[in-house]
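Morning, everyone. I will take a few minutes to go through one structure, starting from its surface and then moving to how its parts are arranged.

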Amino acid sequence: MKKVMISAVCLLAALVLTSAGKNDDVMKKESGVYVVNTTTLGKSVMGYEGPTPLKVYIKSNKIQKIEFLENQETPKYWKRVVSALQNKWDGMKVQDAKAAEVDGVTGATFSSDAVKSNVKLAVEYYLKNK
């Protein structure tokens with residue numbers, strides 16, 4: 001009976017430790033900069049061809065930069081989205097970014113909307129988990 005109880009306690013402890021680190025893939029802190037990765041956080045946020053994950057870099061409650069990650073969007077249109085939106089949030093306070101109305105790219109509306117949604121998800125996650 002004691003062996004079963006000890007095994008159960010060890011199993012429970014292992015499960016707790018494993019679940020405690022389950023969000024490690026969403027936000028990390030590197031040299032004072034929080035990096036929020038929307039790959040899993042925004043997996044249901046769809047552009048025209050699928051998810052459009054980003055990394056949002058935040059330092060001192062301001063967005064430093066947005067990094068666009070690999071996706072399945074049409075390269076011709078995606079390039080326009082990146083060019084138009086990449087620096088729109090740079091230097092913006094996270095509270096302002098959460099409510100910001102950023103213009104998208106005509107002809108790439110789904111992709112633009114997905115980028116804007118991912119930035120808002122990243123900011124909200126940062127505010128709740130920093």
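The protein exposes about 8,400 Å², and carbon and sulfur atoms supply 55% of that area. Keep in mind that this is a predicted model. As for the inside, 35% of the 130 residues are buried.

Next, the elements. The protein has five helices and four strands. Reading from the N terminus, their order is α-β-β-α-β-β-α-α-α.

How are the strands arranged? They form an open sheet of four strands in the order β1-β2-β3-β4, and the pairing is antiparallel. At the edges are β1, residues 27–30, and β4, residues 62–68; each of these pairs on one side only. From one strand to the next, the twist averages 20 degrees.

Let us look at one pair. β1 pairs with β2, which covers residues 33–37, in the antiparallel sense, and four bridges connect them. If you want a place to find this on the screen, go to E30: its bridge partner in β2 is V33.

Which helix packs on the sheet, touching β1, β2, β3 and β4? That is α5, residues 109–129. The direction of α5 makes about 45 degrees with that of β3, which spans residues 54–59.

Last, contacts along the sequence. Take the contacts between residues at least 6 apart in sequence: 56% of them join residues at least 24 apart. The packing of α5 on the sheet is a place to look at contacts on the screen, since you can pick out β1, β2, β3 and β4 there.

That is what I have.

Note on methods. Residues numbered from 1 in each chain as written. Predicted model: local features only at pLDDT ≥ 70, side-chain atom pairs only at ≥ 80, totals over all residues. Heavy atoms only, no water. Pairing = 2+ DSSP bridges. Helix = DSSP H or I, 4+ residues; strand = E, 2+ residues; numbered from the N terminus. Axes fitted to C-alpha atoms, helices over the stretch in contact; angles between N-to-C directions. Contact = heavy atoms within 4.5 Å. Buried < 20%, exposed > 50% of the residue type's maximum accessible area, 1.4 Å probe, protein only. Areas by Shrake-Rupley, 256 points an atom, 1.4 Å probe, with all protein chains shown as cover.
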